[in-house]
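User: I am new to this structure and would like the terms used for it explained. Please show it before we start.

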Amino acid sequence: MEMFHISDIISILGLPHPTLGQTSYYIPCPCCDKEPHKKHLNINVKKDVFRCPRCGVSGGIFDLYSLFTGVPRDKVLIALTERLGTPTRVNRPKVKIEKHVPSVAICECPITDVESRHATYSALLAKLSLAKDHKENLLNRGLTESDIERLGYKTTPIVGMASLAKQLQSDGLYLAGVPGFYRTESSEWTFVKEKRGILIPVRDTNGLIQGLQIRRDNVQKRKFRWISSTEQKDGCKAEGWTHLAGKVTPQIILTEGPMKADVIHALSGFTVLAVPGVNTLTHLKLTLDKLRSQGVINIKTAFDMDFSTNIHVQNGFNNLLTLLDDMGFRFGTYVWDPRYKGLDDYIWAQKK
């Protein structure tokens with residue numbers, strides 16, 4: 001059998017090649033990626049196929065050549081033969097049929113830019129409501145109704161995930177590369193179904209929604225978790241983003257959890273930066289670099305009072321202090337009445 005391979009097409013089109021050992025990788029999509037750093041077009045050199053989960057363009061070798069050159073698909077073979085000569089003759093080996101069904105590798109999307117995520121998440125939250133019991137929970141933490149509306153907290157959707165995704169698509173919003181969205185077996189976009197809880201927008205230093213956390217009802221372990229669609233078709237994993245509550249000031253408070261940061265800021269007016277956990281500091285250095293360039297010089301840590309008795313939390317806290325010291329920040333630690341677990345609890349109790 002005579003055939004071309006997708007690696008031949010990649011070479012003559014001048015497209016990026018995969019790194020050594022990769023069989024599947026992403027490049028900018030000519031249909032929907034308008035900026036060079038955005039990469040949504042997946043090329044699988046092992047299967048000789050490509051696909052963009054964002055705009056839906058897909059196909060094989062001839063389709064890829066046609067996509068980038070504009071040559072009609074039925075003329076591609078002639079064009080390739082003129083450029084590459086007669087295709088290689090390959091004797092396809094006989095394939096032994098195994099009795100078991102091999103597992104299918106799930107292709108996920110690379111995370112899209114924060115502007116696209118913010119637009120999609122903002123539109124999603126606008127279509128959701130906040131349940132009465134969740135509103136009461138937030139009011140009992142010290143937030144006002146105007147705080148709750150400003151922060152954008154909503155109750156997780158229980159049904160109609162595919163309908164929500166369809167509405168967002170019809171509004172011109174992208175779902176590929178946005179954690180929480182993925183395709184079903186019928187290739188329709190949908191949103192993950194989570195336990196009932198409060199959706200918490202996690203914002204960057206510019207106020208853009210990077211991702212969503214959920215505070216789950218009636219659970220003791222992992223009460224707070226990220227909205228993610230990892231291990232789903234065209235899904236996307238969430239990352240351990242930091243969250244900033246308030247405008248950047250020379251001194252900020254550093255705590256754990258975006259909801260806690262929002263409450264402390266609402267009650268005190270202080271600017272508060274939150275990490276997902278004291279042991280998850282991957283994104284913290286990047287954020288602190290930005291904040292330092294914006295004038296932050298002093299940081300006060302305010303983690304829950306159990307950090308002094310939990311060795312795992314204490315080790316993470318020591319790593320955090322080392323990071324602050326290495327970066328040249330002035331820093332200290334707030335302590336308060338240990339009857340109150342968090343600084344948010346303590347401030348609210350004093351206000352009441």
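The questions below concern burial and salt bridges in this predicted model.

User: Why is D48 called buried?

Analyst: Buried means under 20% relative accessible area. D48 has a relative accessible area of 14%, so D48 is buried. The residue D48 sits in the loop between β3 (41-44) and β4 (49-51), and its phi is near 60 degrees, a positive value in a residue other than glycine.

User: What makes R222 count as exposed?

Analyst: The cut-off for exposed is over 50%. R222 has 57% relative accessibility and therefore counts as exposed. R222 is placed in the loop between β11 (209-216) and β12 (224-226). Phi of R222 is also positive, near 50 degrees.

User: How do you know that D217 and R196 form a salt bridge?

Analyst: The nitrogen of Lys or Arg must be within 4 Å of a carboxyl oxygen of Asp or Glu. In D217 and R196 the closest N and O atoms are 2.8 Å apart, so the pair qualifies. D217 belongs to the loop between β11 and β12 and R196 to the loop between β9 (189-191) and β10 (197-203), so the salt bridge ties together parts 21 residues apart in sequence.

User: Why is D217 called buried and R196 partly exposed?

Analyst: D217 has a relative accessible area of 17%, which is under 20%, so D217 is buried. R196 has 32%, in between 20% and 50%, and is therefore partly exposed.

User: How many salt bridges does the structure hold?

Analyst: There are 15 salt bridges. One of them joins D171 and K127, at 3.3 Å from N to O.

Conventions:
Residues are numbered from 1 along each chain as its sequence is written. This is a predicted model: local features need pLDDT of at least 70, side-chain atom pairs count only at pLDDT 80 or more; totals for chains, interfaces and linings use all residues. Side-chain values use heavy atoms; hydrogens and water are left out. Helices (H or I, at least four residues) and strands (E, at least two) are DSSP runs, numbered from the N terminus. Buried means under 20% relative accessible area, exposed over 50%, partly exposed in between (1.4 Å probe, protein chains only). A salt bridge is a side-chain nitrogen of Lys or Arg within 4 Å of a carboxyl oxygen of Asp or Glu.
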